[in-house]
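User: I'm new to reading structures and would like a close look at a single part of this one. Could you pick up the part I point to below and walk me through what surrounds it?

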Amino acid sequence: MTETRVVEAWTLEPLERFVAESGARLTLLMTPAGQVLAQHGFTRAVDVMSAAALGAAIVASTGEIARMLDQTEFAALNHQGVQHGIFLGAFDTPRGGLLALVVYGPDSSAGLVQLFFEELAQGLVAAVPAQEEPKAVLAANFEEELNRSLASLFGR
Amino acid sequence: MSLVNFTTREITCKIVYYGPGRSGKTTNLQYIYGRVPDKRRGRMVSLATQTDRTLFFDFLPLELGSISGFTTRFQLYTVPGQVYYNATRKLVLQGADGVVFVADSQARQLDENIESMQNLQANLIEQGVDARAVPFVLQYNKQDLPSDLILSPDELNEALNFWDVPSFSAAALEGTGVFETLKAASEQVLRKLSQAEPA
């Protein structure tokens, strides 16, 4: 079974429902800066980050084109390929804007994905918790571990 | 801003390499990509023109390792340096946790360096970010060129390093200073996560 992984727990239930209903093969929920909040179907974290960076870039650049045309942003984008289609949609939540990148195959369709994307957006808006107070995450003396990790990364 | 998953104990941070055209931002990422083991890096994505000038951005995801029990990942981005790509630079700069400014050490490029630094500050301000509060590192690249063509690190500090941030001499093509620059930027970005911030 393909795994669904979330960074923020409140995104899990709406995302799982969306994947089951739309037949999406891959789904990414991310911020407009390309930070991933949740994903379904990817196997490597680094691939998730690349897909999120590219998805966020597409939405950002079409948003700029919309601004140049003096119109509101494009609601959603769909690219239909031979094997797969890509759907990109943006929506607002009380925690700021979010983007969804959805890859679907012949067992789904742009219409089906669009239909359940709207439900996904509504489900996420309803599930958003209040913003938590920022708190310290790392230990104060993290430098030694950082140095060791970087040395290992660069083979030093 | 950094994303922290307390359930799976993962941190993801975004570092943007900024600077004028042809200063060596992409070369920094290419060197890092070439030195890092396959399993610790993702694919390097380059949205470039046919002549290999960065059109939108370069992107390199890295698995740094475990810090304080958190699997830590970095997303390294470059921006296109040419003046007329400012809209694109603003998009890439969104949500940056740290910035590396790659300056071209050639004396004839000084004006371009200053203009790019001013552009960075303007774009941060436009995004409501206090430029002095962002983890920030300077790299003086191309220090391997003949000394009569380049400015010294001291001269470049005088011209560009208004806030006395860490600065590094580099020759990114051969990798000199690339590691040190990334290390300093990583440390500053993670230091923020080790300090409780006011709401």
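Here is the part I have in mind, followed by a walk-through. Where does strand 7 of chain B sit, which strands does strand 7 pair with, and what lies around it?

Analyst: Happy to. Keep in mind that this is a predicted model, so we're reading a computed picture throughout.

Let's begin with strand 7 itself. Strand 7 of chain B covers residues 136-141, and six of its six residues are buried, so the strand is largely enclosed by the rest of the structure. A handy bit of background: side chains in a regular strand alternate between the two faces of the sheet. Now look at the two sides here. On one side you'll find B:F136, B:L138 and B:Y140, and on the other B:V137, B:Q139 and B:N141. Those residues are all buried, so both faces of strand 7 are covered.

Next, the partners. Strand 6 of chain B, residues 98-104, runs parallel to strand 7, and six bridges link the two. If you want a spot to find on screen, look for B:A103, which stands opposite B:Y140 of strand 7. How does the chain get from strand 6 to strand 7? The route goes through helix 3 of chain B (residues 110-126), and this β-α-β crossover is right-handed.

Strand 7 also pairs with strand 8 of chain B, residues 167-169. These two run parallel as well, joined by three bridges. Here the pair to look for is B:Q139 and B:F168, which are bridge partners. With helix 4 of chain B (residues 153-160), strands 7 and 8 make a right-handed β-α-β unit.

Now let's see who else touches this region. Helix 5 of chain B spans residues 178-193, and B:A185 is one of its residues. Is B:A185 buried or exposed? B:A185 has 26 C-beta neighbours inside 10 Å, so it counts as buried; the cut-off is 20 or more. Setting aside neighbours within four places in sequence, B:A185 is in contact with B:I15, B:G98, B:V100, B:P135 and B:V137. You've already met B:V137: it's one of the buried residues of strand 7. B:G98 is worth a second look too, being 87 residues away from B:A185 in sequence but 6.6 Å away in space, C-alpha to C-alpha.

Helix 5 turns up again around helix 1 of chain B. Helix 1 covers residues 25-35, and its buried residues are B:K25, B:T26, B:T27, B:N28, B:L29, B:Y31 and B:I32. Among the elements covering them are strand 6 and helix 5 of chain B, together with strand 2 (10-18), strand 4 (54-67) and strand 5 (70-78). Strand 6 is the one we met above, paired with strand 7.

Let's step back to the other chain for a moment. In all, 42 residues of chain B are in contact with 35 residues of chain A. On chain A's side, helix 2 (45-68) and helix 4 (143-153) each supply at least two of the touching residues. Helix 2 gives the most, with eleven residues. Sorted by class, chain A's side has 22 nonpolar, seven polar and six charged residues.

What is chain A built from? Chain A has four helices and six strands, in the order β-α-β-β-α-β-β-β-α-α from the N terminus on. Of its 156 residues, 38% count as buried. An open sheet of six strands with antiparallel pairing has the order 1-3-2-6-5-4. Strand 1 (4-6) and strand 4 (76-80) stand at the edges with a single partner strand each, so one side of each has no neighbour in the sheet.

Two pairings in chain A are easy to trace. Strand 2 (residues 26-30) and strand 3 (residues 36-40) are antiparallel, with four bridges, and A:T27 stands opposite A:H40. Helix 2 of chain A packs on the sheet, touching strands 2, 3, 4, 5 and 6. Strands 4 and 5 of chain A also pair in the antiparallel sense, over five bridges, and they form a hairpin with four residues between them. There, A:A76 stands opposite A:G89.

To come back to your part: strand 7 of chain B has both faces covered, with strand 6 and strand 8 as parallel partners.

Definitions and conventions. Residues are numbered from 1 along each chain as its sequence is written. Chains are lettered from A and ligands numbered from 1 in the order in which they are written. This is a predicted model: local features need pLDDT of at least 70, side-chain atom pairs count only at pLDDT 80 or more; totals for chains, interfaces and linings use all residues. Two residues are in contact if their C-beta atoms, placed from the backbone, lie within 7 Å. Ala, Val, Leu, Ile, Met, Phe, Trp, Tyr, Cys and Pro count as nonpolar, Asp, Glu, Lys and Arg as charged, and the others, Gly among them, as polar. A residue is buried if 20 or more other C-beta atoms lie within 10 Å of its own, exposed if 12 or fewer, and partly exposed in between; C-beta atoms are placed from the backbone. Two strands pair if DSSP finds at least two bridges between them. A crossover is right-handed if, with the strands pointing away from the viewer, the path from the first strand over the helix to the second runs clockwise. Axes are lines fitted to C-alpha atoms, for helices over the stretch in contact, and angles run from 0 to 180 degrees between N-to-C directions.
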